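Student: I am new to this structure and would like a close look at a single part of it. Could you take the open sheet, and then set it in its surroundings?

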Amino acid sequence: MPARLTVLIAEDNAADRMLLSTIVSRQGHRTLTASNGLEAVALFEQERPQLVLMDALMPLMDGFEAARRIKQMAGEELVPIIFLTSLTEGEALVRCLEAGGDDFLAKPYNRVILEAKINAMDRLRRLQDTVLQQRDLIAKHNEHLLSEQRVAKAVFDKVAHSGCLDSPSIRYLQSPYAVFNGDLLLAAFKPSGGMHVLLGDFTGHGLPAAIGAMPVAEVFYGMTAKGHSLTEILREINAKLKRILPVGVFCCATLLNISFQRRLVEVWNGGLPDGYLQRAGTSTRTPLVSRHLPLGVLTPAAFNDQCEFYPLELGDRIFLLSDGVLEACNSQGELFGEARLLEVFANNHEPAQLFVEIQQALTRFRGELHDDVSLVEISLLDEGIPSRPPLVFADSGQNSPLDWSATFEFRGETLRRFNPLPFLLQLLLEVQGLRPQAGVLFTVFAELYSNALEHGVLGLDSALKCDAKGFAEYYRQRSERLANLEEGYVRFHLQIVPEPNGGRLILRIEDSGQGFDGPAILRQQLGIDSLCGRGLALVRQLSERCTWPADGKGVSVEFSWSRGHN
Amino acid sequence: MAITSQPSADGQELTIVIQGRFDFGAHQEFRDAYERVDRSPERYIVDLKGTSYLDSSALGMLLLLRDHAGGDHAQIRLLNCNPDVRKILAISNFEQLFKIA
């Protein structure tokens, strides 16, 4: 049974009015009656009936005009108007509909048809009501969702901040709300200079994708700041995602470890499309191919952290992209695809323009740039190495330990997996006087440690690195020998000595290797700008004093500070 | 997109056939295809002959099937991959988890 409605009847003929009123009342509705258009409009405004029966021809104001005014007052709400008419010619009936009428009923009135029409119109009216309610509800939910996303985004920005994405060596293209598409771009300076970069793409969209991005950003920034290596960061991110994400949700990612000073990039790609290392001054490109499952799929034990190493030269550019670039779709439903991207590379004449050209090609292809594209370019510029902002320490450093020494020996089994540098540097930075030199300390430690490990313990020959092929071979041997390492050691002797106006750090590092001819290596490194190592020359530049014992077993470096310097 | 599944006569093997786009829209249907069977099979075949496109949520769904089928002990073969589909599986290095032919 339809609900009880209030029905307005506008009819100038009193007998007809009475008849209609009786039929409608018997159907269970309340009736209002008007004898002309003006009255009808006034009654509508006052009583807001839900349905109107309107005579077309009436004195003072006819039904057409009254219908127009009522429809206007009703606004979005559907107030069905059924025209009552003895007009039969088509044109007149069209006028009824044009004035806003929803149906008409021919005179003389038939009770059964009138009742049926009122019921039908009531159904329409309620349908419209439901649609409006749902529309408002959806609008409200959407507004709610957007405001939640704004808050979530603000929190995310605090965690993921922009790192060093504003560095002059980085150019990137990404929507500010990319995290809700599952895209994530992070970059941070390493304490030793150099940079870690991560481009990630989570399965799925919206909040589930964004939630995974949070721990990734925290691990990435936290561990990079403490001086951890790329492989350690990879392992930690993978383990964390595996633990917290449901099966079937994972993160395709490429991570880069760029050492500007050592002119070296370390690459790990799990599930992202090929990145490219574009060589300066040539049209050769090395694809940075996905060799691993995405992050968050494998258990920590099965995870493979094997990276690839490539030498860098001034002017080299690295491009990373999300699959949003290759899957950009034009109006014909075609995908942008790898072939079109490679064509952009092939047609390029001015490498500095490549980034813009890729962007333009995408825009041309699909008309406008959508927000699901992430593209980043990192270049090795010659206007100096990007500099890292000073480290921030939470404590005041008042209780600085100033007179101590310690010796650490890390043996085979440990060297295979553990990176002792973050641990040692954390310890040294308890000494307040050393904090302003933290970056230099990290660099020198990193250089000396990799020398001791690679040449001393693993017995690798840096002469191998004289060309790009040997370079790859060097790092292949490195990871093979490291994986099988059982013997050998690297020792750190740390000594902090107070001095009248400050203090001094003396670090001696020794390894189980054959020893080396420091001065000879230095001559070689200073002499040529080759692919093989700048390590020792760098250490000598950065430390206050750098000496070798006569047997070549070990290196000693010193750093001092004076009070008031901080 | 349409997903059908057919157990072998001895019930040891379940073949899931995917037609058209294999993406998030297929989520429920794909799950039903391996969850609504009378007895658990030993082996699974996902036939991608009619699959025109596969996205990262489809990769996620394959991982869910793998989990359902016993994780590291799962025996799942992905058959009849067209070059586009094969490329996507290759980028994600899924050959480490599935037999792809």
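Tutor: What follows begins with the sheet and then moves outward to the domains and the two chains. The model is a predicted one, and the description should be read with that in mind.

The sheet belongs to chain A and is an open one of 5 strands, which follow one another in the order β6-β15-β14-β11-β12 with antiparallel pairing. Strands β6 (170–173) and β12 (285–288) of chain A stand at its edges, and because each has a single partner strand, one side of each is left without a neighbour in the sheet. From one strand to the next the twist averages 15°. In general, the strands of a sheet pair through backbone hydrogen bonds, in either a parallel or an antiparallel way.

One of these pairings can be followed down to its residues. Strand β11 of chain A, made up of residues 275–278, runs antiparallel to β12(A), and 4 bridges join the two. Within this pairing, Gln278(A) stands opposite Arg285(A), a residue of β12(A).

To place the sheet along the chain, it helps to know how chain A is divided: domain 1 covers 6–131, domain 2 covers 161–318 + 372–379, and domain 3 covers 404–562. The centres of domain 2 of chain A and domain 3 of chain A, taken over C-alpha atoms, are separated by 27 Å. Where these domains touch, domain 2 of chain A gives 13 residues to the contact and domain 3 of chain A gives 18 residues. On the side that belongs to domain 2 of chain A, the residues divide into 3 nonpolar, 7 polar and 3 charged.

Elsewhere in chain A, an unreviewed UniProt entry annotates residues 6–122 as "domain: Response regulatory". That span of chain A is 49% helix and 21% strand, and its end C-alpha atoms lie 11 Å apart.

Chain B carries an annotation of its own, since residues 14–101 of chain B are listed as "domain: STAS" in an unreviewed UniProt entry. Over those residues chain B is 35% helix and 27% strand, with 17 Å between the end C-alpha atoms.

The two chains also meet, in a contact that takes 13 residues from chain B and 15 residues from chain A. Helix α2 of chain B, residues 56–68, supplies 8 residues, the largest share of the side of chain B that touches chain A. Taken by class, that side of chain B has 6 nonpolar, 6 polar and 1 charged residues.

Notes
Residues numbered from 1 in each chain as written. Chains lettered and ligands numbered in written order. Predicted model: local features only at pLDDT ≥ 70, side-chain atom pairs only at ≥ 80, totals over all residues. Pairing = 2+ DSSP bridges. Axes fitted to C-alpha atoms, helices over the stretch in contact; angles between N-to-C directions. Domains from an automatic or database assignment. Contact = placed C-beta atoms within 7 Å. Nonpolar A, V, L, I, M, F, W, Y, C, P; charged D, E, K, R; others polar. UniProt positions renumbered as here; feature names shortened; annotations may be inferred.
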